[in-house]
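Hi there,

Here is the structure I promised to pass on to you. Have a look at it first, and then read on for what I found in it.

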Amino acid sequence: MEGTRYLDSEFRFNSGRLSLDLAATVRRRASTPIDVLGNPNACGRWLKAAGLFSDVPELSAENEEALIRLREAIWKLVTGAMETRYPEDATAVVNAAARFPLGTPQLQSRSGTVSVVSDDPFATAMSTIARDAIELVSGSLRLRLKTCDQPDCRMLFVDTSPSGQRRWCSMQRCGSRAKGHAFRQRHELSVRA
Ligand SMILES: [Zn+2]
């Protein structure tokens, strides 16, 4: 049970998009970066947690490097796209991953569940993530891309709130910290006044 709890909180899936969830596996990029995919077998665990594999896949070192390379390219591409720039090197990495065909959905007549069949499940997973990034930076949601307001966090997310006023990656993590800080500042000011 301990292990299950650890896995539940290991990764974040609250950016609003699969490709940004991958980028978010480097936490606190703006201050003291923590690479949560640097832990043993974390790349495989992330792919399962992201719903791209039904079981944790055995990845080669080459696979893991490719996933990290794609992650860094997505981060660069998305931060560029927020300023209507599409860096050539990052675009090339994402395009290359997107070239592999997606899996074929197969309905199971007994259970009604769907399994996805692919000759190369890892390449299919990479392609799924890359296509998500391409759609994101080329569609209307590009204008809803944001970085968390908390200076040491800066996590990328899509603001799908109706008002478009979302400021933080998560209210619990960064929003409450920011509000606490603002309260302390106000309090200090009123003490000084
Ligand atoms: Zn944040």
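Let's start with helix 6 of this predicted model. Which of its residues are buried? In helix 6, the buried residues are Phe122, Thr124, Ala125, Met126, Ser127, Thr128, Ile129, Ala130, Ala133, Leu136 and Val137. They pack against four other helices: helix 2 (18–23), helix 3 (42–49), helix 4 (61–81) and helix 5. Helix 6 itself covers residues 121–138. You can also check its length: at 1.5 Å a residue, its 18 residues should span 26 Å, and the C-alpha atoms at its ends are 26 Å apart, so the two agree.

Next, take the partners of helix 6 in turn.

Helix 4 comes first here. How are helix 4 and helix 6 arranged, and at what angle do they pack? The angle is about 5 degrees, and the axes are 10 Å apart. Helix 4 is therefore roughly parallel to helix 6, since angles under 35 degrees count as such. On the helix 4 side, the contact is made by Asn63, Ala66, Leu67, Leu70, Ile74, Leu77, Val78 and Ala81, while helix 6 brings Phe122, Met126, Ile129, Ala130, Ala133 and Val137. Sorted by class, the residues of this contact are 13 nonpolar and 1 polar, with no charged ones. Several names here may look familiar: Phe122, Met126, Ile129, Ala130, Ala133 and Val137 are also on the list of buried residues in helix 6.

Now turn to helix 5, which runs over residues 88–98. Helix 5 and helix 6 pack at an angle of about 130 degrees, with 7 Å between their axes. That angle makes helix 5 oblique to helix 6. The crossing of helix 5 past helix 6 is left-handed. Which residues meet there? From helix 5 they are Val94, Ala97 and Ala98, and from helix 6 they are Met126, Ser127, Ala130, Arg131, Ala133 and Ile134. By class, this contact has 7 nonpolar residues, 1 polar and 1 charged.

Helix 3 is worth a look too. Its buried residues are Ala42, Cys43, Gly44, Trp46 and Leu47, and these pack against helix 4 and helix 6. After helix 3 comes Gly51, which has a positive phi, near 85 degrees.

While we are on backbone angles, two residues other than glycine also have a positive phi. One is Arg28, with phi near 50 degrees. Arg28 sits in the loop between strand 1 (26–27) and strand 2 (34–35). Is Arg28 buried or partly exposed? It has 14 other C-beta atoms within 10 Å, so it counts as partly exposed. The other is Thr84, where phi is near 55 degrees. You will find Thr84 in the loop between helix 4 and helix 5. Thr84 has 8 other C-beta atoms within 10 Å and is therefore exposed. Thr84 also leads back to helix 6: its C-alpha atom is 8.9 Å from that of Val137, although the two residues are 53 apart along the chain.

Strand 2 gives another example of residues that are separated along the chain. Asp35 is in this strand. Its C-alpha atom is 6.1 Å from that of Thr25, with the two residues 10 apart in sequence. If you leave out neighbours within four places in sequence, Asp35 is in contact with Thr25 and Val26. With 13 other C-beta atoms within 10 Å, Asp35 is partly exposed.

Finally, here is the overall picture. How many helices and strands does the protein have? The count is 7 helices and 6 strands. Starting at the N terminus, they follow the order α-α-β-β-α-α-α-β-β-α-β-β-α. The protein has 193 residues, and buried ones make up 26% of them. Among contacts between residues at least 6 apart in sequence, 52% join residues at least 24 apart.

If you want a place to begin, try finding helix 6 on the screen and then tracing its contacts with helix 4 and helix 5.

Best wishes

Technical notes:
Residues numbered from 1 in each chain as written. Predicted model: local features only at pLDDT ≥ 70, side-chain atom pairs only at ≥ 80, totals over all residues. Axes fitted to C-alpha atoms, helices over the stretch in contact; angles between N-to-C directions. Parallel < 35°, antiparallel > 145°, perpendicular 65-115°, else oblique. Left-handed = near helix turned anticlockwise from the far one by under 90°. Contact = placed C-beta atoms within 7 Å. Nonpolar A, V, L, I, M, F, W, Y, C, P; charged D, E, K, R; others polar. Expected span 1.5 Å × (residues − 1). Buried ≥ 20, exposed ≤ 12 C-beta atoms within 10 Å, placed from the backbone.
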